[in-house]
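Look at the fold below before you read on. This report walks through a sheet, a pair of helices and a few unusual backbone spots.

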Amino acid sequence: MWYHKPVINEELLQHLPNLKIVANSGVGIDHLDLNLLASYGVKVSNTPFVVSTDTADLGMALMLASSRRLVEGYQIAVSPDTEYFPADWLGAEVSGATLGIVGMGTIGYKVAERAKAFEMKILYHNRNQRNKEEESAVGAIYCKKIDDLLQQSDFVLLSVNLTPQTHKLIGKRELELMKPTATLINISRGLVVDQDALVEALQNKVIKAAALDVTYPEPLPRDHPLLKLKNVIITPHIGSATKKTRRLMMENMTESIQAGLAGLPVPNEVL
């Protein structure tokens with residue numbers, strides 16, 4: 001089943017004694033209890049590599065759209081009330097700005113490759129430092145402490161897996177460390193950010209803006225305050241949503257399922 005998936009809990013597993021594999025689309029597996037599945041002898045796979053290019057593209061798109069206020073600009077351009085374009089309606093520069101990437105995995109590194117073409121200064125925070133050759137290739141500087149990255153960055157982009165360690169990684173304290181002119185971009189999982197703290201920071205101009213491909217829940221309630229703020233762009237979790245990538249995801253899942261059923265090594269098995 002694609003998209004409309006059952007909750008995989010003990011009750012379901014007890015009713016599926018022949019289940020051999022759960023093939024997950026995308027990278028994130030935070031919705032799966034890996035220990036529970038393993039206790040039933042069920043393998044798990046995901047599709048971590050095919051989604052990285054499109055998700056990195058979306059990260060850059062959100063950065064550009066937010067900085068140049070594309071959504072607001074479109075609304076001005078098409079509004080029946082517009083008689084002239086305001087001369088003092090200005091965005092912020094991306095080229096030459098400082099980008100802080102939290103989570104320099106496959107997706108984060110691809111964002112850095114794109115940011116290099118915009119002549120951005122690139123900082124990153126990660127559990128492990130990349131090797132010098134990889135850092136040099138994109139001109140990235142490692143920040144061992146996330147606080148250093150937050151304080152220096154014009155754009156903070158989140159590209160981490162959701163784990164107990166990254167749950168609400170960005171909260172009130174972290175937002176207050178950011179520049180008042182900074183933008184937060186989230187292409188990972190909604191729960192990586194304390195959403196209530198983010199609303200407060202945006203309303204009180206603690207930070208300038210946010211561009212989010214992910215929220216919690218998804219979609220947000222229609223009366224949620226994030227939907228009413230002009231300094232927020234929200235997209236419907238479309239990081240991997242291109243025709244080519246979704247087809248490749250399906251092919252990867254099918255390969256994993258066939259291997260799992262045949263008792264062979266599972267491509268992209270999550271251990």
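Helices (H or I, at least four residues) and strands (E, at least two) are DSSP runs, numbered from the N terminus. With that in hand, Pro217 can be placed: it lies in the loop between β8 and β9. This is a predicted model, where local features need pLDDT of at least 70, side-chain atom pairs count only at pLDDT 80 or more, and totals for chains, interfaces and linings use all residues. Residues are numbered from 1 along each chain as its sequence is written, and side-chain values use heavy atoms, with hydrogens and water left out.

**Backbone spots**

Pro217 follows Tyr216 through a cis peptide bond. Pro219 also sits in the loop between β8 and β9, and a cis peptide bond joins Pro219 to Glu218. Glu119 belongs to the loop between α5 and β4 (121–125). Its phi is positive, in a residue other than glycine.

| Place | Angle | Value |
|---|---|---|
| Tyr216 to Pro217 | omega | near -5° |
| Glu218 to Pro219 | omega | about -5° |
| Glu119 | phi | near 55° |

**The sheet**

Two strands pair if DSSP finds at least two bridges between them. Seven strands form an open sheet, with parallel pairing, in the order β5-β4-β3-β6-β7-β8-β9. At the edges are β5 (140–142) and β9 (232–234), each pairing on one side only. From one strand to the next, the twist averages 15°. Strand β8 (residues 209–212) pairs with β9 in the parallel sense over three bridges. There, Ala211 stands opposite Ile233 of β9.

**Two packed helices**

Two packed helices are described by the angle between their axes and the distance between the axes. Axes are lines fitted to C-alpha atoms, for helices over the stretch in contact, and angles run from 0 to 180 degrees between N-to-C directions. Helix α3 (residues 52–67) packs on helix α5 (residues 106–117) at about 50°, with the axes 8 Å apart. α3 is therefore oblique to α5 (under 35 degrees counts as roughly parallel, over 145 as roughly antiparallel, 65 to 115 as roughly perpendicular, and the rest as oblique).

Which residues make the contact (heavy atoms within 4.5 Å)? From α3 come Ser52, Thr53, Thr55, Ala56, Asp57 and Met60. From α5 come Thr106, Ile107, Lys110, Val111, Arg114 and Ala115. By class, the contact has five nonpolar, four polar and three charged residues. Here Ala, Val, Leu, Ile, Met, Phe, Trp, Tyr, Cys and Pro count as nonpolar, Asp, Glu, Lys and Arg as charged, and the others, Gly among them, as polar.

Terms used
Contact = heavy atoms within 4.5 Å.
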